[in-house]
Amino acid sequence: MSAKAKRVLPTRPEPPTVEQILADVRGTHPADPIFLLPAEPQREHGLYPGPAAEERERLYRQSRGYVEMNRRLEESRERLREQSQELQRAGAALERGIAEMRQKAF
């Protein structure tokens, strides 16, 4: 039996202290992207209906329609696959029947 060598993982560094985090935040430039507000505040979260909310709703309904259509297409594909297999089995049975009739006739 072979023994696997035990892998030694490197130790994780200590998490920063509160003082280190505060010093890091204080040392950032005021124009740092994390501290900037978006140019136009997002007010349309269902409270203020407007063109953007209507567009989101339209896109949501459209995507729901696509999902439903995709589900129906998958069901149709499965149904067609089953029907194709059934037709292939019926064709094979028909071919066997024809072959048997030919043998009996000759």
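This passage describes the helices, the exposed surface and the salt bridges of a predicted model of one protein chain.

We can begin with the overall fold. The protein chain holds two helices and zero strands. Helix α1 covers residues 18–26, and helix α2 runs over residues 51–105. Of the 106 residues in the chain, 2% count as buried. The area exposed by the protein chain comes to about 11,100 Å², and 59% of this is supplied by carbon and sulfur atoms.

Part of that surface is a nonpolar patch. Ile21, Val25, Ile34 and Phe35 make this patch, which has an area of about 400 Å². Isoleucine 21, one of its members, is a residue of helix α1. Its relative accessibility is 43%, so isoleucine 21 counts as partly exposed, falling short of the exposed class, which begins over 50%.

Charged side chains are the next topic. The model contains five salt bridges, among them three pairs within helix α2 that are worth a walk-through here. In one of them, glutamate 57 is paired with arginine 61, and their closest N and O atoms are 3.0 Å apart. These two residues of helix α2 are four residues apart, which is about one turn of the helix. With a relative accessible area of 36%, glutamate 57 is partly exposed, whereas arginine 61, at 57% relative accessibility, counts as exposed. The cut-off for exposed is over 50%, so the value of 57% puts arginine 61 in that class.

Further along helix α2, glutamate 68 forms a salt bridge with arginine 71, with 2.3 Å between the closest N and O atoms. Because glutamate 68 and arginine 71 are three residues apart in helix α2, about one helical turn separates them. Glutamate 68 counts as partly exposed at 30% relative accessibility, and arginine 71 likewise counts as partly exposed, at 36%.

The side chains of glutamate 78 and arginine 81 also meet in a salt bridge, at 2.4 Å from N to O. Here again the spacing is three residues within helix α2, so the two partners are separated by about one helical turn. Glutamate 78 has a relative accessible area of 34% and is partly exposed. Arginine 81 is partly exposed too, with a relative accessibility of 40%. Elsewhere, salt bridges with shared partners link Glu68, Arg71 and Glu75 into one network. The pair of glutamate 68 and arginine 71 described above therefore belongs to a network that also includes Glu75.

Technical notes:
Residues numbered from 1 in each chain as written. Predicted model: local features only at pLDDT ≥ 70, side-chain atom pairs only at ≥ 80, totals over all residues. Heavy atoms only, no water. Buried < 20%, exposed > 50% of the residue type's maximum accessible area, 1.4 Å probe, protein only. Areas by Shrake-Rupley, 256 points an atom, 1.4 Å probe, with all protein chains shown as cover. Patch = residues over 30% accessible without salt bridge, like charges linked within 9 Å, V, L, I, M, F, W, Y side chains within 5 Å. Salt bridge = Lys/Arg side-chain N within 4 Å of Asp/Glu carboxyl O.
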